[in-house]
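Let's walk through a few of the labels one might attach to this structure and ask what stands behind each of them.

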Amino acid sequence: MSMADPVILVTVLYPLLTQVWVKEPFNAKNLAVPSSPSYLEEQVIREQIDYYRKIKDSRLRRQIIKPLAAANHPEAVFALENMLASESDSKVTGDLLVALAQYRDKKKISKPSLLKKHFSSPDAKIRGYAMMLYFDKSGDAATVLKQLRTEESAFVNNLVWSALAGNAGKCGASDVKSFLDSKNPVVKAGAIKVLASQSQNPDTETELAKLPESANALDRIALAEALKNRKTGGDKLLGKLADDKNRSVRSLVAEAKPAPARKKIILKLLKDKDWEVRRAAALTLGGYNSDDVVKALTDSLKDQERPVREAAVVSLLLIKPGAGAISDLQDLLDNPNARKSAVELLGKLGAKSAALKILQVLEEASGSETVVEAIMALGRLDHKPAWQKILDKSGDSSPEVRIAVAEALAMLKMKQSFKPLAKMFSDKNTDVAVAAIAGAGKIGNPGFNRALYRSLASNRDMASRQRAAAAWGLARTGKPNSAIIRRLKQICLEKIITVEGEKMHDGDYVRAAACFALVDLGKNNPSAASAADEVIKAVSEAPPENDLANTTLKEFVRQMDEYRKNGKTEAHPVPVTKPVLKVSRIQESN
């Protein structure tokens, strides 16, 4: 294998900051830097092979396998195969097979025939992984099935039959059917999955037709699991299994991929006695778009169980029903069970005709969840007359309600609400404060600048998210003064946060927000543009020992510079790391 061979490496990229920046403020979650993938160079891998061959202690050989399993290089597969060919210790052999399994989807094993000698190993892990890898790389189902005839380990049978079911087209139907009489329930279930997956028409398979009446629940579960993943076929069997006494079987049927012949089955399960089955059916019906489905899902909004109602909301939002459904949803505003879901749907479907009734719900509702949905719906519907009623909820004890108030006021953009919204910047709950600050940014009025600057300048504990949001808000309100520009530059470059008496740089996502704010403000403000230039120059030219030279900050500034020049950024690979082999001398016992 030459150095020209492609590296086995899933490309890991730094997040494209502008995509997030345009939509919402930066925070620790949406700006998390991905972990560097590991990679060993070919020469290092060869050195590990040489070392492996020289040492006798199996414990040391096992330690060498770990970095090779994470090497992300085709040469590692070659190395692991060669090590396996000469290994006699069972524990080391098991580790080698598990390591090779990690490369299953990345690089083909070149010599699957060498795995066959491990089929008779007394170690179940070795047998299982050897058979799985052999089938995966050779497609020789007949040999594997022959070996499974005498296999008793539940671990091996589960592992290998799952592999066979995942590529059932390579299995001969007659060979698989011979396992249906097995007294081992795991083996029989595996054979059922393979046969039901590979058959052109499961409904015509005699061996499968009798399973819905089987006394063994595991058989019926296996059949339902295989059939639900088929795009077509097996509809008669699914219909029978929909009446199964076992809840798990009915739930699997309720999850069957949408197909015209199955709609009636799923609608029936939407009325099942078990709420978990009803929930699964409600979610599946999102793949159908017809009046009877919309009517059934709307009725499910009255279900006694909340998960069912939530599933119905998800599906109705996917379907996007018309005016008739909107009228039915408005009627549900008087139903205690359905009210919250109906309000949410009416708001997200843009039903402006329902605004007055939703305002009435807001005035009468006592539960915070319904209040939240009513506030958000009125904001989405741009019902401006409701702004004062919404603002009245800003003192609610529930942070979720106060967050909804901030977000709805931002949608309504009523000038009378600007000062009350700015007061919410200092809410004792961080999530509420961030929602209010972000709301000001969405409104984009420069009148918020003074309050945003106070949030930007705060060094209080747990204030990082507020500062990042304030930078985002200021970038959208525009017209910064010299103090705002100076503070943004300080956040980017200087140690301004005091921790245990020492000054430290601000958080990465706060610095990123400040950097991008300078770029956005610099489009219309020469002073901000000059500050952005200084930040880019200082970070780009920082010597390695300087605090400004950290990889994450350099990536922020690289994208910041691209964004400044053309408004676009390009993906940038995260540098790989080299696994370090740490092997210490182990004193062998006498």
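Q: Why is Lys565 called exposed in this predicted model?
A: Lys565 has a relative accessible area of 62%, and exposed means over 50%, so the label follows. The model itself is predicted.

Q: What makes Asp561 and Lys565 a salt bridge?
A: The N to O distance between their side chains is 3.2 Å. The cut-off is within 4 Å, so the pair qualifies. Side chains of opposite charge can pair when their charged atoms come close.

Q: How are Asp561 and Lys565 placed in helix H32?
A: Asp561 and Lys565 are four residues apart in H32 (residues 551-566), which means about one helical turn separates them. Salt bridges with shared partners link Asp533, Asp561, Arg564 and Lys565 into one network.

Q: Is Asp561 buried or exposed?
A: Asp561 is buried: its relative accessible area is 18%, and the limit for buried is under 20%.

Q: How do you know that Lys125 and Asp95 form a salt bridge?
A: Their closest N and O atoms are 3.8 Å apart, and the criterion is within 4 Å, so this pair counts. Lys125 belongs to helix H6 (residues 124-138) and Asp95 to helix H5 (residues 90-101), so the bridge ties together parts that are 30 residues apart in sequence.

Q: Why is Lys125 called partly exposed, and why is Asp95 called buried?
A: Lys125 has a relative accessible area of 31%, and partly exposed covers what lies between under 20% and over 50%. Asp95, with 18%, meets the under 20% limit for buried.

Q: What makes Lys193 and Glu225 a salt bridge?
A: The closest N and O atoms of Lys193 and Glu225 are 3.4 Å apart, which satisfies the limit of within 4 Å. Lys193 sits in helix H10 (residues 185-198) and Glu225 in helix H12 (residues 217-228), so the pair ties together parts 32 residues apart in sequence. Lys193 is partly exposed at 25% relative accessible area, and Glu225 is partly exposed at 32%.

Q: How many salt bridges are found in the whole structure?
A: A search of the whole structure gives 41 salt bridges.

Q: Which residues make the patch of negative charge on the surface?
A: Asp328, Asp331, Asp334 and Glu364 gather there. Glu364 lies in helix H21 (residues 355-364). With 59% relative accessibility, Glu364 counts as exposed, since the cut-off is over 50%.

Q: What makes the nonpolar surface patch?
A: Leu283, Val314 and Leu318 make this patch of about 260 Å². Leu318 is in helix H18 (residues 306-319), and its relative accessible area of 56% makes it exposed.

Q: Why is helix H14 described as largely enclosed by the rest of the structure?
A: Six of the eight residues of H14 (residues 247-254) are buried, so the description fits. The buried residues are Val249, Arg250, Ser251, Leu252, Val253 and Ala254. They pack against H12, helix H13 (235-241), helix H15 (263-269) and helix H16 (275-284).

Q: Why is His118 called buried?
A: His118 has a relative accessible area of 8%, and buried means under 20%, so the label holds. His118 is in the loop between H5 and H6. Leaving aside neighbours within four places in sequence, His118 contacts Leu84, Thr93, Ile126, Arg127 and Ala130.

Q: Why does Ser199 count as buried?
A: The relative accessibility of Ser199 is 7%, and the buried limit is under 20%. Ser199 is located in the loop between H10 and helix H11 (206-209). Apart from neighbours within four places in sequence, Ser199 is in contact with Glu205 and Arg230.

Q: What makes Ala351 buried?
A: Ala351 has 6% relative accessibility, and that satisfies the under 20% condition. Ala351 is in the loop between helix H20 (339-348) and H21. Not counting residues up to four places away in sequence, Ala351 touches Ile326, Leu346 and Leu381.

Note on methods. Residues are numbered from 1 along each chain as its sequence is written. This is a predicted model: local features need pLDDT of at least 70, side-chain atom pairs count only at pLDDT 80 or more; totals for chains, interfaces and linings use all residues. Side-chain values use heavy atoms; hydrogens and water are left out. Helices (H or I, at least four residues) and strands (E, at least two) are DSSP runs, numbered from the N terminus. Buried means under 20% relative accessible area, exposed over 50%, partly exposed in between (1.4 Å probe, protein chains only). Patches are made of residues with over 30% relative accessible area and no salt bridge: like charges are joined within 9 Å, nonpolar side chains (Val, Leu, Ile, Met, Phe, Trp, Tyr) within 5 Å. Accessible areas come from the Shrake-Rupley method with a 1.4 Å probe; for residues, only the protein chains shown count as cover. Lys and Arg count as positive and Asp and Glu as negative; His and the chain ends are not counted. The place of a charge is taken as NZ of Lys, CZ of Arg, CG of Asp or CD of Glu. Contact means heavy atoms within 4.5 Å.
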